[in-house]
Amino acid sequence: QVHLVESGGGLVQAGGSLRLACAASGRTFSNTHMGWFRQAPGKERDVVAAIRSGGTTYYRDSVKGRFTISRDSAKNTVYLQMNSLKPEDTAMYYCAGADVARGRYNSTWERPTRYEYWGQGTQVTVSS
C-alpha cells in the first residue's frame, strides 16, 4: 500500500508558476511509477505527466515545454513544476502511483486504471 499526500496548489495569475509536491509513504518508492492527473468540474480525469521508476518522463501535449515532472528518491517525493500557467490548467490535481511489477507502462501511462494508488488532490486555479 502507498499513501500519497499532495501539496502546493493555490490561486495564481495566468503566466505564473506553481510547484506541486507529492509525498509517498508505505512502499518502496523505487518500485513505483508516478503520475500527475487533473480533473476539472464536469470533465474526465486526464493525465498531465508521468515519470517511470527509472526517471523517463512523459507529458500530455498541452503541457509540453511548460510543465516538468521530477522525483527525489531520497525524499520519496514527486514534483510537478508548472510554468506559464493558463486558465485552462485550472483543475484538481492528483498524484498517482503505479506498481512497477504490473509490467508494461510506456503504452499505459496515460490511463487512470494503470495506477493503484491515489492522493486526495490539490486545487490549482489560474485566473485570467
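This is a tour of one predicted model, stop by stop, with what to select at each.

Residues are numbered from 1 along each chain as its sequence is written. In this predicted model, local features need pLDDT of at least 70, side-chain atom pairs count only at pLDDT 80 or more, and totals for chains, interfaces and linings use all residues, while side-chain values use heavy atoms, with hydrogens and water left out.

**Stop 1: strand β1**

Select residues 3-7, which make up strand β1. Strands here are DSSP runs of E with at least two residues, numbered from the N terminus. The side chains of β1 alternate: L4 and E6 point to one face and are buried, while H3, V5 and S7 point to the other and are not. Buried means under 20% relative accessible area, exposed over 50%, and partly exposed in between, with a 1.4 Å probe and protein chains only.

Add β3, residues 18-25. β1 and β3 run antiparallel and are joined by 5 bridges; two strands pair if DSSP finds at least two bridges between them. L4 of β1 has A24 of β3 opposite.

**Stop 2: strand β5 and its two hairpins**

Select residues 46-51, strand β5. Of its 6 residues, 5 are buried, so β5 is largely enclosed by the rest of the structure.

Now show β4, residues 32-39, which pairs with β5 in the antiparallel sense over 5 bridges. R38 is opposite D46 in β5. The two strands form a hairpin with 6 residues between them, and G42 in the turn has a positive phi of about 80°.

On to β6, residues 57-59, which runs antiparallel to β5 and is joined to it by 3 bridges. I51 has T57 in β6 as its bridge partner. β5 and β6 also form a hairpin, with 5 residues between them; G55 in its turn has a positive phi of about 110°.

**Stop 3: the largest pocket**

Keep R38 and D46 on screen and add Q39, A40, K43, E44, R60, S62, E88, T90 and A91; together these residues line the largest pocket. A pocket is an open set of points on a 1 Å grid over the protein atoms alone, where a 1.4 Å probe fits, with protein on both sides within 12 Å along at least five of seven lines; lining residues have an atom within 4 Å of a point. The pocket has a volume of about 150 Å³, which is the space filled by probe spheres set on the points. Its lining has 6 charged, 3 polar and 2 nonpolar residues. In this count Asp, Glu, Lys and Arg are charged, Ala, Val, Leu, Ile, Met, Phe, Trp, Tyr, Cys and Pro are nonpolar, and the others, Gly among them, are polar.

**Stop 4: the nonpolar cores**

Select W36, L80, M82 and Y93. Which core do W36, L80, M82 and Y93 belong to? They are members of the largest nonpolar core, which has 28 residues, and these four touch the most other members. A nonpolar core is a set of buried Ala, Val, Leu, Ile, Met, Phe, Trp, Tyr and Cys residues joined through side-chain atoms within 4.5 Å. The elements giving two or more residues to this core are β3, β4, β5, β7, β8, β9 and β11. Its largest share, 4 residues, comes from β3. Another core, of 9 residues, lies apart from it; V47, A50, Y58 and Y105 are among its members.

Centre on L80, in strand β8. L80 is buried, with a relative accessible area of 0%. Measure the C-alpha to C-alpha distance to L20: the two are 5.0 Å apart in space and 60 residues apart in sequence.

**Stop 5: the aromatic cluster**

Select F37, Y58, Y105, W109, Y115 and W118, which ring pairs link into a cluster. Rings of Phe, Tyr and Trp (its six-membered ring) pair if their centres lie within 6.5 Å; planes under 30 degrees apart count as stacked, over 60 as edge-to-face and the rest as tilted. The count comes to 6 aromatic pairs.

F37 and Y115 have ring centres 5.0 Å apart and planes at 80°, so this pair is edge-to-face. F37 is in β4 and Y115 in the loop between β9 and β10, so the pair ties together parts that are 78 residues apart in sequence. Both F37 and Y115 are buried. Y58 and Y105 are also edge-to-face, at 6.0 Å centre to centre and 75° between the planes.

**Stop 6: two loop residues**

Finish with N76, in the loop between β7 and β8. N76 has a positive phi of about 50° although it is not a glycine, and is partly exposed at 24% relative accessible area. S84, in the loop between β8 and β9, has a positive phi near 50° and is likewise a residue other than glycine. S84 is partly exposed, with a relative accessible area of 41%.
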